[in-house]
Each structure stands twice: as structure tokens, then as C-alpha cells.
Amino acid sequence: MKLKFFNTLGREIQEFHPIHPDEVGIYTCGPTVWNYAHIGNLRTYVFEDILRRAFEYFGYRVKHVMNITDVGHLTDDADLGEDKMIKGARESGRTVWEIAEYYTDAFFKDLKRLNIRMPTDACRATDHIEDMIKLIQRLGERGYTYSAGGNIYFDISKLPDYGKLALLNINDLKAGARIDIDENKKNPLDFALWFTRSKFEHQVMLWDSPWGRGYPGWHIECSAMSMKYLGEQFDIHCGGVDHIPVHHTNEIAQSEASTGKKWVNYWLHGEFLVLTRGKMAKSKGNFMTLSSLEDQGYDPLDYRYFCLGAHYRSQLRFSFEGLDAAARARRNISEHIFRLRLDSEDRLKALSPDDLIGGTEPQPDAVKDCLDSFFNHIAVDLNTPKGLAVFWGLLRDEDVDPASKYRALLEMDKVLGLDIGHIESQIPELDEEIEKLVKERDDARKRRDFTKADEIRDVLKGKGIILEDTPEGVRIRKK
Ligand code: AMP
Ligand code: ZN
């Protein structure tokens, strides 16, 4: 099956051709670790995980590199504001290094809870300052840098195709550009590679360099680390759409100026998760985290499912109604899966572990068609909503034998990552005390004493038991 993706560079769906046969090198921009990742960031990491899983499914060896931005600096080029790491440290009474360590760890935990595979190389910016310095030196030798006001800048006028990813029209931009706050720049779109003149008071993360003690600009880490681990040319670079006009544009400029060659073949960008009101931004302090969803009773995989319901290139509006629907859908899947397993226990036991997922054991034609259809949707620009529709179609198909169905769903889940192979029974074991409480609540409802009924429901919730009132009666499940 041929894989095809929408390449931002060219703005069209293109067939994927790897640089090295059966191998793919992927670089994804990682988190800035001065705070928790918000659920918008996590949507992008879920999309990148689907990409990675799709390649693995189709037999590629994947090298997936992600940076961890633990250098304190602003996350845009404006020379305003305050170093976010220092702010975080001051507010929590910790050192910047402790802050970075804490949020890096929290980020990895988020990935795990969302069943996102860990990058094959997760590299911290602070471990790669030497590589960044070497890259800046190389750019200097090739005539792309200038020094002004104690800082080193990239001179975009030296690169004729600057802005090709974002289709920037430099002349228009120059004519319309406001006067940049950083008066050192020759052109407002030039960007800093190295600062020796700190923008912030109390800067603590500083390194020696040929240009003096200082710290790197925002974009250089991604060029330095991706080329170190993936080579000077590699297959795919990803991130959210916000990174197209500045961060990725500048990454391309630095990388291609340093080698004189095309850098990355395919650029894939995930659209934003948006809120009904306003933008989700860490700096606004009003962002939602995975833990805040968990505190409200959701499973992280409910959020993963919610993300898969939209194509990665469409904006996704967050709502609790949408998340509730995802949670219900997942519960429904769990119940089906559990029943399928019970119904096919003997048959499944007879299969070797290899045959359980994929393998050589033949599947009925109807199942084969579903698998083909599912993986065709995934192969053409990762169409998870259509893939999910096929998944549900098979799940509900009463004519397919349970063992074949279960095996095929597991196969699809290799890409979806809903972890259906580990679903436990949702039906809790009821001990005497719980049965008594359920009965008392039932009686209270019959008496129309809803206050008492709600009270008992909360007590049961505290014990990990959820009661749902359905037209068919009360449904009891684990939290
Ligand atoms: P940051 O930590 O801001 O560099 O963001 C980490 C990743 O999340 C980047 O790939 C961003 O493009 C992406 N991102 C930021 N905000 C959102 C959002 N609201 N929805 C989806 N992705 C986002
Ligand atoms: Zn980056």
C-alpha cells in the first residue's frame, strides 16, 4: 500500500518516497518545559503518534526524534516579556533546572497516559549547546550571519528562497512590517542565533561561546538536533500549523543555508484544537491539561479518541459534550470487546500469539475487506475519522465470527492506539456492601428522594463504581 500525505511544502497530497528504503526519519517539535502541556499541544502529539504508528504498521523502521526545549527563552521572536523558565521558577520557588526536569517528566507521563509511543530519541536542548554553537559557526563561515548589539543574527536577505514553506512574500512583508523592537536587526524578519546580551534580568542558563557567554536563539536547537540524529537530509518534519510562518521557516533557513542542500522532504502540520471562546495558550494561564480532564472523571484515552474523530488537518473545537461522546463511545467499544473475548476465548487460545494480530491465519473475506478499507484510509493522509467508521462497522457486524472480528480490531488498533487489547471488564464485582448501597439508591429513587439517591451515587463513585440510569434500568460500571 502506498502512503500519501499532504505536504505543506507544495500544498498538495504527495506519495511518500523514503530517502532510505523501508526507513523513515521523523522530527517532531517537542514541548517547552516551563509548564504542563495543554490539551491543544497534546492533540498535535496524538497526530504525530498516528503518523509514527502508520509507518510502523506498513513495515518501516522509524527513527523519531523530538526535542525538549529546556533552555529558557521566549517562544516567539518578539523581544518582549519575560523568560518563561525564570518566571516558572520564581513562582514555584524552584530552580530553572528543577522546573525543566519536573515538566519534562510530566510531559512523558502525559504521552504514556495517551498511549503515545516515546520518541526513539528525545533530546534536551541543554545537552546540545555545543552542536548549536558549531552550526552557528558553520553559518558564519558561509556568510549568513552578522553580529549586532552583542548578538548573532541570521541574515535572511542572503537566502533567496527564505519563506518558501509559508509562501511568504518577503517584499510585501518588508513593505508592511512594523518597526521591530530589536533595533539590532537589519531586517525585521532576521532572527537571533545566539544572544550574549540577555533580554531578561537574572538570566541563569548561560554558556560560553565564541561570541561570549550567552544562550541560543529559539530556532537553532531543532536544526542542530534533527541533523545530528537524522542526518543533513531526512524524510519528515512535523508540528502544529502555528509553526509554519516563523519557527519552521527559520529552521529551514538555518539548515539549508548550513548545508547548501534541501533539508526535509515532507512537512506535515496538525491543525489546532480551539476553544469555543479564546485561544488556548500557556501564557494566558487558562489552559486545560490532561490531568484536569482526569480530575473531571475522564480517561486520557477518551481524549485520544476525541482527537481521532477529526482529521488532523481540520480544526477541532473542544467541548465537554464532544468529550462525553468520546467517553461513551469508548465504553461501548469496551463492552463489545469484552464480550467478543468471552465469546471467542476457546478459538483465541488455539491461535499462536503471532496469529492473534496479523499472522498467517486466514481471515474471512468480509474481514479482509474491512482491514483493506481501514488501512487505505490511514494510508491516504491519516484519515482517522474514516478509519474509525470502518472500525465501528466491523465491531457491529453480527455476521462475522467473534475471533476473526477481535483479531481484526486489534490489527486496526495498532494504528489507533486505543489499547483495546488491555481492556478489562467494565462490570465491577459487587460485594455485599455495594449491592446494599445500589439497592438503597434504587429505593430512594422510587420514593422520589433524589437528594438521598444522589448522595449514595457519590458514595459509590468514591468507591470507583459508576451508576448510569438508562431506559433499560441502572447500569453499573467501574470508574
Ligand atoms: P509549544 O510547546 O508551544 O512549542 O507547542 C508544542 C506543540 O503543540 C507544537 O507542535 C505546536 O504547534 C502545537 N500546538 C500549540 N498549540 C496548539 C493547539 N491549540 N492545538 C494543537 N496544537 C498546538
Ligand atoms: Zn522545532
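Biologist: Which elements each supply at least two residues of the shell around ligand 1?

Modeller: In this predicted model, α1 (39–57) and β10 (234–240) do so. Helices (H or I, at least four residues) and strands (E, at least two) are DSSP runs, numbered from the N terminus.

Biologist: Which one gives the most?

Modeller: The largest share, four residues, comes from α1.

Biologist: And which residues come nearest to ligand 1?

Modeller: G40, T44, G240, D242 and L273, of the 16 residues around ligand 1; a residue counts as near if one of its heavy atoms lies within 4 Å.

Biologist: What about polar contacts from D242?

Modeller: An N or O atom in the side chain of D242 is 2.4 Å from an oxygen atom of ligand 1. A polar contact is a pair of N or O atoms within 3.5 Å. In addition, a polar backbone atom of G240 is 3.0 Å from a ligand 1 oxygen, and a polar side-chain atom of N41 is 3.1 Å from one.

Biologist: How much of ligand 1 does the protein bury?

Modeller: The protein buries 91% of the 490 Å² that ligand 1 exposes when taken alone, with areas from the Shrake-Rupley method and a 1.4 Å probe.

Biologist: Changing topic, how many helices and strands has the chain?

Modeller: There are 17 helices and 15 strands.

Biologist: Any conventions to note?

Modeller: Residues are numbered from 1 along each chain as its sequence is written, while chains are lettered from A and ligands numbered from 1 in the order in which they are written. Local features need pLDDT of at least 70, side-chain atom pairs count only at pLDDT 80 or more, and totals for chains, interfaces and linings use all residues; side-chain values use heavy atoms, leaving out hydrogens and water.

How values were computed
A polar contact is a pair of N or O atoms within 3.5 Å; within protein, one must be able to donate a hydrogen and the other to accept it, and residues adjacent in sequence count only if both atoms are side-chain atoms.
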